[in-house]
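Q: Please take one part of this model and go through it closely. I would like to know how it is built, what it touches and where it sits in the whole chain.

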Amino acid sequence: MLVEINLLPKKEPKNKTLLLLVIIIGVIFLIGLISTYMIHQSYEKKLDSLNSEINETKLIVAQEQQKLVEFEQSNSVSELENTVTWAKGYPVKTVPLIKQLTALLPNRGFIQTFSYTESGEVSLSVQFDTSREAAYYLKNLLDSNFVKEAFLEALTTVEIPTANNNIFDIDDNNEKLVPRYMGEFKIMINRNAIEEVTDSSEVVEGEEE
């Protein structure tokens, strides 16, 4: 009886290496798939959070806009009431007031600037030939029934060019110079008195028409 003895090493299956390679590739693919899924889930959560914040912001903006609309609607009524009140208490008309102030000026007095506030305070810059005329105008203001208070806050000297040959002051350009006085007045008017004058003048003008 013959016994066969094979002393050569057995050959490993060729597909063992291929199987191992497939397993490694499968593990890598699985890890990549899991990582991709986790990253995707993380981005989804961030996106949901961002959308939630955007929606909350839009809601807040809409609420504030609604409040603003309601405030403007309610405030328009109060503004209208304030406008009516302000119109009733608005200072007297400018033209009649200037006429009254001009009527008290001396012959050589000229109003240079004029302004007044809602409280009835008038600011005037008036040009005079002499300082005595400024004092004269202040006295006329204080004696007037439409002036509550009057103050001469400043009196300065200015030189004005003139063609009058009798003036002996001459500047470098051979122009004749004459000194003038500029008075700064603060006046608190009696609005009731001015309004009476205004109303009466309007009535007269209406009758003349």
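A: A residue is called buried when its relative accessible area is under 20%, exposed when it is over 50%, and partly exposed in between. By that rule, 19% of the 209 residues of the protein count as buried. Keep in mind that this is a predicted model.

The whole chain comes before the close-up. The protein has 4 helices and 5 strands. From the N terminus on, their order is α-α-β-β-α-β-β-β-α. Of the contacts with a separation of 6 or more, 62% are between residues 24 or more positions apart. The accessible surface is about 16500 Å². Carbon and sulfur atoms make up 58% of that surface.

Two stretches carry UniProt annotations. In an unreviewed entry, UniProt lists residues 18-39 as "transmembrane region". In the model this span is 100% helix and 0% strand. Its end C-alpha atoms lie 31 Å apart. Residues 40-67 are listed as "coiled-coil region", again in an unreviewed UniProt entry. That stretch is also 100% helix and 0% strand in the model. Its end C-alpha atoms are 40 Å apart.

Now the part to look at closely: the hairpin of β1 and β2. Strand β1 covers residues 110-116 and pairs with β2 in the antiparallel sense. The pairing runs over 6 bridges. Between the two strands lie 4 residues. Gly120 sits in this turn, with a positive phi of about 95°.

Two opposite pairs help you find your way along the hairpin. Ile111 stands opposite Val126 in β2. Thr113 stands opposite Ser125 in β2. The Thr113 and Ser125 side chains are also joined by a polar contact of 2.8 Å.

How well covered is β2? Strand β2 spans residues 121-128, and 7 of these 8 residues are buried. Ser125 lies in this strand. Its relative accessibility is 10%, so Ser125 counts as buried. Setting aside neighbours within four places in sequence, Ser125 is in contact with Phe110, Ile111, Gln112 and Thr113, and also with Met182, Gly183 and Glu184. Thr113 is thus on the contact list of Ser125 and is its polar partner too.

Next, step back to the loop that leads into the hairpin. Gly109 lies in the loop between α2 and β1. Gly109 has a relative accessibility of 10%, so this glycine counts as buried. Beyond its neighbours within four places in sequence, Gly109 is in contact with Gln127 and Phe128. Gly109 and Glu133 are 24 residues apart in sequence, yet their C-alpha atoms are 7.6 Å apart in space.

On the other end of that loop is α2. Helix α2 takes in residues 94-103, and Pro96, Leu97 and Leu101 in it are buried. Why can one speak of a single buried face here? Seen down the axis of α2, the buried residues fall within an arc of 135°, so they line one face of the helix. Val95, Lys99 and Ala103 are exposed on the other side of α2.

Helix α3 covers residues 131-143, and Asn140 has its place there. At 16% relative accessibility, Asn140 falls under the 20% cut-off and therefore counts as buried. A polar atom of its side chain lies 3.0 Å from the backbone oxygen of Leu104.

A residue in β3 gives a contrast in exposure. Strand β3 runs over residues 147-162 and holds Val158. Is Val158 buried or partly exposed? Its relative accessibility is 28%, so Val158 counts as partly exposed. Leaving out neighbours within four places in sequence, Val158 is in contact with Val178, Pro179 and Arg180. Val158 and Pro179 are 21 residues apart in sequence, and their C-alpha atoms are 5.6 Å apart.

Back to the hairpin for a short summary. β1 and β2 pair antiparallel over 6 bridges. Gly120 has its positive phi in the turn. Thr113 and Ser125 share the 2.8 Å side-chain contact. Strand β2 is mostly covered. Ser125 also touches Met182, Gly183 and Glu184, while Gly109 touches Gln127 and Phe128.

Terms used
Residues are numbered from 1 along each chain as its sequence is written. This is a predicted model: local features need pLDDT of at least 70, side-chain atom pairs count only at pLDDT 80 or more; totals for chains, interfaces and linings use all residues. Side-chain values use heavy atoms; hydrogens and water are left out. UniProt positions are given in the numbering used here, feature names are shortened, and annotations may be inferred rather than shown by experiment. Buried means under 20% relative accessible area, exposed over 50%, partly exposed in between (1.4 Å probe, protein chains only). Two strands pair if DSSP finds at least two bridges between them. The arc is that of the directions from the helix axis to the C-beta atoms. A polar contact is a pair of N or O atoms within 3.5 Å; within protein, one must be able to donate a hydrogen and the other to accept it, and residues adjacent in sequence count only if both atoms are side-chain atoms. Contact means heavy atoms within 4.5 Å. Accessible areas come from the Shrake-Rupley method with a 1.4 Å probe; for residues, only the protein chains shown count as cover.
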